[in-house]
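I opened the notebook to look up one residue first and the whole fold afterwards. My notes follow in the order I made them.

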Amino acid sequence: RRSCVYLNESTEMNVGFNLIAEDRLGGNIDFIEGKAVANPYFEQNETLRFSTQFQLDHLFGKANRMTLKNSVNFYDRSVDTPGYTFAGNQFSSFSELSISWITKNMDWTSGLNLWTDHFDQAPESNSEDFGFSDITIGAFIQNIWSLNHNWNVETGFRYDYQTEYGLFPLPRFSLMYEPSPVLTLRLGAGLGYKTPTVFSEDAERLQFENIRPVNPDDLDAERSFGTNFDINYRLAITDKLILSSNVLFFYTQVL
């Protein structure tokens, strides 16, 4: 559910929340139907997920804006298979304060971010303890520069500090050329990173059984460099029907 409140002519607030509860049982059909089965295989998943969203926008004059965002997520789950249980709850949050302003031929945005992520494993789990607590603090600035009617340059830089894996400078660059209203060419490049996590698709497939916890002392964050080039073409077939095509080329290198 999501609601929007106009506090005054310059201030707008959006709030929302989501709630998902699920109880799934799979495996041997006779066991699921309640019949007596010797050594049945089953997999039972119980999940409860709750999240909130908040955004406050305030205009300063005609072209300046301050935005405050926050999201809180709570995830409680358990997985039971014969002789094995994995259970725990995860609490994470995201907060951002940003300011946008416009000068001649330029749009600017700068701000601060805060991510938190905490996982507690339930005592009934008979897997290794995957509990962790991470905090990431980030600052960023980005600029869109309209060189002329056909050319735009977008640049940005963010600097993240992650409590377990250190500092990450992240520059990025994008150049867009629009030779006609129906054709757009874009070239971009930048740096990225990803911190190690036990919550991967492969671990999920195994219900986290026989999976070792992540030890920050033994692992480094994955750093990457990427570049891309894409071509967008729009063809008006009729007044109400438009055909759009996109061709994308990209290259990513894990450093």
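**Entry 1: R186**

I looked up R186 and found it in strand β10, which covers residues 183-194. The model I am reading is a predicted one.

Is R186 buried or exposed? I noted a relative accessibility of 30% for R186, so it counts as partly exposed. The label fits because buried means under 20% and exposed means over 50%.

Next I asked which residues R186 touches, leaving aside neighbours within four places in sequence. I listed S174, L175 and M176. I also listed N228, F229 and D230.

Then I checked a distance. R186 and N18 are 168 residues apart along the chain. Their C-alpha atoms are separated by 36 Å.

**Entry 2: The sheet**

I turned to the strands. How many strands form the open sheet? I counted 12 strands, and their pairing is antiparallel. I wrote down the order as β1-β2-β3-β4-β5-β6-β7-β8-β9-β10-β11-β12.

Which strands stand at the edges? They are β1 (2-6) and β12 (242-254). Each has a single partner strand, so one side of each is left without a neighbour in the sheet.

I also looked up the turn between neighbouring strands of this sheet. It is 10 degrees on average, direction ignored.

**Entry 3: One pair of strands**

I picked β4 and β5 for a closer look. Strand β4 holds residues 64-81, and strand β5 holds residues 84-103. The two run antiparallel, and 17 bridges join them. I followed one residue across: V79 has F86 in β5 as its bridge partner.

**Entry 4: The whole chain**

I listed the elements of the protein: 2 helices and 12 strands. Reading along the sequence, I wrote the pattern β-β-α-β-β-β-β-β-β-β-β-α-β-β.

Then I looked at the overall dimensions. The C-alpha atoms fill a box of roughly 75 × 45 × 40 Å along the principal axes. I noted a radius of gyration of 24 Å for the protein. A compact globule of 255 residues would have one near 18 Å.

**Entry 5: Surface and contacts**

What share of the 255 residues is buried? I wrote down 25%. The protein exposes about 16600 Å². Carbon and sulfur atoms supply 57% of that area.

Last, I looked up contacts between residues at least 6 apart in sequence. Of these, 52% join residues at least 24 apart.

Key. Residues are numbered from 1 along each chain as its sequence is written. This is a predicted model: local features need pLDDT of at least 70, side-chain atom pairs count only at pLDDT 80 or more; totals for chains, interfaces and linings use all residues. Side-chain values use heavy atoms; hydrogens and water are left out. Two strands pair if DSSP finds at least two bridges between them. Helices (H or I, at least four residues) and strands (E, at least two) are DSSP runs, numbered from the N terminus. Axes are lines fitted to C-alpha atoms, for helices over the stretch in contact, and angles run from 0 to 180 degrees between N-to-C directions. Buried means under 20% relative accessible area, exposed over 50%, partly exposed in between (1.4 Å probe, protein chains only). Contact means heavy atoms within 4.5 Å. The radius of gyration is taken over C-alpha atoms; the globule rule is 2.2 Å times the number of residues to the power 0.38. Accessible areas come from the Shrake-Rupley method with a 1.4 Å probe; for residues, only the protein chains shown count as cover.
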